[in-house]
Amino acid sequence: MGEYEELDERIGKLEAELEQYNSRPKKVSLVVWSGEYDRVLPAFVIANGAKAMGMDVDMYFTFWGLKALQKEDHRPEGTNLLNKPLHYMLPGGPKGAKLSSLHMYGIGKGMIKKLMADQGISDLEEQIDLAYEQGVNIQACTLAMGIFGMDKSDFSDVVGSYVGVATYLMNAAESDITLFI
Amino acid sequence: MSLDKIEADYTLDCKGMVCPIPIVRLKQKIGELEPGQTLEMIATDSAVDSDVSAWCNSTGNEYLDYREEDNTYYVYVRVPLN
């Protein structure tokens, strides 16, 4: 085989690989560390928008973010004297999520929810359900679950998997967009 | 393309819906259309022009046109032939 034919073949292979790479769905990985209403809500807006754009979406919930995925009207037992009271002080679930600013014992959150409803903006519960329906991959960090003394039974059905940092890193490395919220 | 010549095969009413619901509905609806068919979206969220254009860019659909009348936005999208 001549030198040019060999080069031609190699270029053809590279072009095919490049086309395959460019035509794959774009991927988004979100780390949801915060549990506040006004941080978790935009995380789900981004996730739902990305799914509608045809992108693959992973949401990796860790630390306070885990509390937002808790079953509604449920209090985790906790595993020791330090994490038991935590679940009394921080109710969790979309209903229990506080505002990061101007929460004012729930008065501020009520006002924000009223303003949102007036604008026709879907509430956090609806956004979470929509993300689940659209196939957003919702993951809970087992390290943070251990700290908070939570197990799988404490979480809403939207959680698809219980994973560690290696899973997040593998997904993030393949992603076109990553955000820490 | 002249606006009054677009005869949409389907109209998607997104009035009163806000980000990201219009594009979520658009994605759901466009899957039901045949190649070459046109969809008209009617919305009140002023982001739909930019968002539908970006959505088309990402999904390979054709962004045809956009007009605004009395704070209502009309966006036209075509499913490509292949």
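**Exercise 1. Establish how confident the predictor is in chain B and in the complex.**

Solution. Chain B has an average pLDDT of 90, and 94% of its residues score at least 70. The model is a predicted one, and the next step is to look at separate elements. Among the elements of chain B, the lowest mean pLDDT, 90, belongs to α2(B), and the highest, 96, to β2(B). For the complex, the predictor gives an ipTM of 0.73 and a pTM of 0.85.

**Exercise 2. Describe the sheet of chain B and identify its edge strands.**

Solution. Begin with the strand order: 4 strands of chain B form an open sheet, arranged β1-β2-β4-β3, with mixed pairing. The edges are held by β1 (10-14) and β3 (62-69) of chain B; each has a single partner strand, so one side of each lacks a neighbour in the sheet. On average, neighbouring strands of this sheet are turned by 20° against each other, direction ignored.

Next, take one pair. β3(B) and β4(B), the latter spanning residues 72-78, are antiparallel and share 7 bridges. Within this part of the sheet, B:Tyr63 has B:Val77 in β4(B) as its bridge partner.

**Exercise 3. Place the helices α1 and α2 of chain B relative to the sheet.**

Solution. Helix α1(B), residues 21-30, packs on the sheet and touches β1, β2 (38-43) and β4 of chain B. Its direction makes about 155° with that of β1(B). Helix α2(B), residues 48-59, lies across β2, β3 and β4 of chain B, and runs at about 10° to β4(B).

A local feature belongs to the approach to α1(B): the peptide bond from B:Cys19 to B:Pro20 is cis, with omega near 0°. B:Pro20 is located in the loop between β1 and α1 of chain B.

**Exercise 4. Describe the sheet of chain A and the position of α2(A) upon it.**

Solution. The strand order is β4-β3-β2-β1-β5 in an open sheet of 5 strands of chain A, and the pairing is parallel. At the edges stand β4 (161-163) and β5 (177-180) of chain A, each with a single partner strand, so one side of each is without a neighbour in the sheet. Neighbouring strands here are turned by 20° against each other on average, direction ignored.

For one pair in detail, β1(A) (residues 27-32) and β2(A) (residues 56-61) run parallel and are joined by 6 bridges. A:Val31 stands opposite A:Tyr60 of β2(A). Helix α2(A) lies across β1 and β2 of chain A, at about 170° to β1(A).

**Exercise 5. Characterise the packing of α2(A) against α7(A).**

Solution. First, the geometry: α2(A) and α7(A) (residues 124-134) pack at an angle of about 30°, and their axes are 9 Å apart. Since angles under 35 degrees count as roughly parallel, α2(A) is roughly parallel to α7(A). The crossing of these two helices is left-handed.

Second, the residues. α2(A) contributes A:Tyr37, A:Val40, A:Leu41, A:Phe44, A:Val45, A:Ala47, A:Asn48 and A:Lys51, while α7(A) contributes A:Leu124, A:Gln127, A:Ile128, A:Leu130, A:Ala131 and A:Gln134. By class, the contact of α2(A) with α7(A) has 10 nonpolar, 3 polar and 1 charged residues.

**Exercise 6. Analyse the interface between the chains, and the part that α2(A) plays in the contact.**

Solution. Start with the extent of the interface: 11 residues of chain A are in contact with 12 residues of chain B. On the side of chain A that touches chain B, the largest share, 4 residues, comes from α2(A), residues 37-52. That side divides into 5 nonpolar and 6 polar residues, with no charged ones.

Then consider the helix pair across the interface. The axes of α2(A) and α1(B) come within 8 Å and cross at roughly 25°. By the same cut-off of 35 degrees, α2(A) is roughly parallel to α1(B). The crossing is left-handed.

Finally, name the residues that meet: A:Asn48, A:Gly49 and A:Ala52 in α2(A), and B:Ile23, B:Val24 and B:Lys27 in α1(B). The contact of α2(A) with α1(B) comprises 3 nonpolar, 2 polar and 1 charged residues. A:Asn48 is listed both here and in the contact with α7(A).

**Exercise 7. Locate the residue A:Leu102 and state its backbone feature.**

Solution. A:Leu102 lies in the loop between α5 (93-96) and α6 (107-118) of chain A. Its phi is near 55°, a positive value in a residue other than glycine.

Note on methods
Residues numbered from 1 in each chain as written. Chains lettered and ligands numbered in written order. Predicted model: local features only at pLDDT ≥ 70, side-chain atom pairs only at ≥ 80, totals over all residues. Pairing = 2+ DSSP bridges. Axes fitted to C-alpha atoms, helices over the stretch in contact; angles between N-to-C directions. Contact = placed C-beta atoms within 7 Å. pLDDT = per-residue confidence, 0-100. Nonpolar A, V, L, I, M, F, W, Y, C, P; charged D, E, K, R; others polar. Parallel < 35°, antiparallel > 145°, perpendicular 65-115°, else oblique. Left-handed = near helix turned anticlockwise from the far one by under 90°.
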